[in-house]
Structure formats: C-alpha cells, structure tokens
Amino acid sequence: KLQWKKPSGRKASLDTNVVTTSTHDTELQNFKVISDNIAAEGSILFGPDNKIKEFDFPDLNLNVISKLDIDGTRSKDDVWAINISGSNYDGRSFFKSLFSVGDGPGRTGKQAANATRVSVNLGNVIGSSDVSLRNLKMQAETRNGNLVSLDARGTLDGGAPLVAALDQSTGSRRLIVTSTDAGQVLKLVNFYPNMQGGRLR
C-alpha cells in the first residue's frame, strides 16, 4: 500500500512540462509535486489512449521518512510491472492494512489493470514499537484486483528472519507469516507489543 493524498487545507504545488513525442505519446517531463509531507520528481508517459504507459520517480520522499525509487511499465496486454526500492520506508500504515485483507468475491468496480507485478527491495522498513525490518525483498502479483501471489523475506531487529507468503493450497487465500521471534513480529505490526521471543506461524 503506497499512496498519497493531499490533506484538506494544506498547500501543495505541481509543476510539469507537457511534451508530445514522435510516437504520439504525451510525456509529463520534470513532473514535480511538493508539499509539507511529500517531495516527488520524475516523469509520466501517456499513450494515445490517454492511459499511463510508464512512470519513473527516482527521488520520492514521503512524510520526511520514506525515501524511494519507483518506476513502472504497462504492457500491451494491460499488465503493470512495478519496481520499488529505497533505503528507508515507513511501513506502519502497510502493516495496519494487513489486518483488513478481503477475500475478493465481494469486490466491485472497474480495475485499473489486468494484472500488476511488484518487485520490492528496501533496506529498512520502519514498524511500530521501534522495531524495523531490514533488507526486505518482496515479489507480489495481483490479478483483477485480487492478490494472487506474495513472497516477502527480511530480517528483524535482533537477527531473526521473517517470511510472509500467500498460500492457496486449501482453495482459500491465506497469508502465512513465519519467524523465530514472534515477539518482534507482533511489535513490528503493532498487534501485541508485550510478548518476548517465541516462534510464530
């Protein structure tokens, strides 16, 4: 979960240069958004159908803490390939969202793409209770708005591994998390901060 919305009443500025390419695409060059909790600079490419084909934000700063490099490309069959890397990411809102994962059948509305494949490589993910996850590497895929694959691996403060994967072997989707330090995992996701040690699955 990575998004930004300008709070009501707060100032923000957007500047860009609009350029038409030789292939009749429209490129927003030097695309800059600046506010008190975001600084983003990059480019966005629209195809003749007015849909985004590519974007590249090599210097994205959120809430002063998160420093990311994000790029994405949409294929002709409407599949997005998105890469996210960076030295620091405030993951507290992401961990919170894990507790509200729906099972999909009731989902309605037009989806933005047939599929999205996301590759993540983050040096430090900040969680709750002063616990961080180091060297996170994650591969995830969604189809028609539903999460269909996930493999995430990192190291908790203290050296214990954390592995999260989506399991569909029983016919329903289950997010399975394993670690040799349950206490650190529960602190990280702000679920139960008073446990120490233990194994988690």
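**Exercise 1.** How many strands does the open sheet have, and in which order do they stand?

*Solution.* The model is predicted, so local features need pLDDT of at least 70 and side-chain atom pairs count only at pLDDT 80 or more, while totals for chains, interfaces and linings use all residues. Residues are numbered from 1 along each chain as its sequence is written, and side-chain values use heavy atoms, with hydrogens and water left out.

Step 1: take the strands, which are DSSP runs of E with at least two residues, numbered from the N terminus.
Step 2: pair two strands if DSSP finds at least two bridges between them.
Step 3: read off the open sheet, which has eleven strands in the order 1-2-3-4-5-6-7-8-9-10-11, with mixed pairing.

**Exercise 2.** Explain why strand 1 and strand 11 stand at the edges.

*Solution.* Strand 1 (12-20) and strand 11 (174-179) each have a single partner strand, so one side of each lacks a neighbour in the sheet. From one strand to the next, the twist averages 10°, with axes as lines fitted to C-alpha atoms and angles from 0 to 180 degrees between N-to-C directions.

**Exercise 3.** Follow the pairing from strand 5 to strand 8.

*Solution.*
Step 1: strand 5 (residues 66-74) is antiparallel to strand 6 (residues 79-90), with eight bridges; L68 lies opposite G86 in strand 6.
Step 2: strand 6 runs parallel to strand 7 (residues 115-126), joined by ten bridges, and D90 faces I126 in strand 7.
Step 3: strand 7 and strand 8 (residues 132-143) run antiparallel with eleven bridges, where I126 stands opposite S132.
Step 4: the hairpin of strand 7 and strand 8 has five residues between the strands, and S129 takes a positive phi near 55°.

Methods:
Helices (H or I, at least four residues) and strands (E, at least two) are DSSP runs, numbered from the N terminus.
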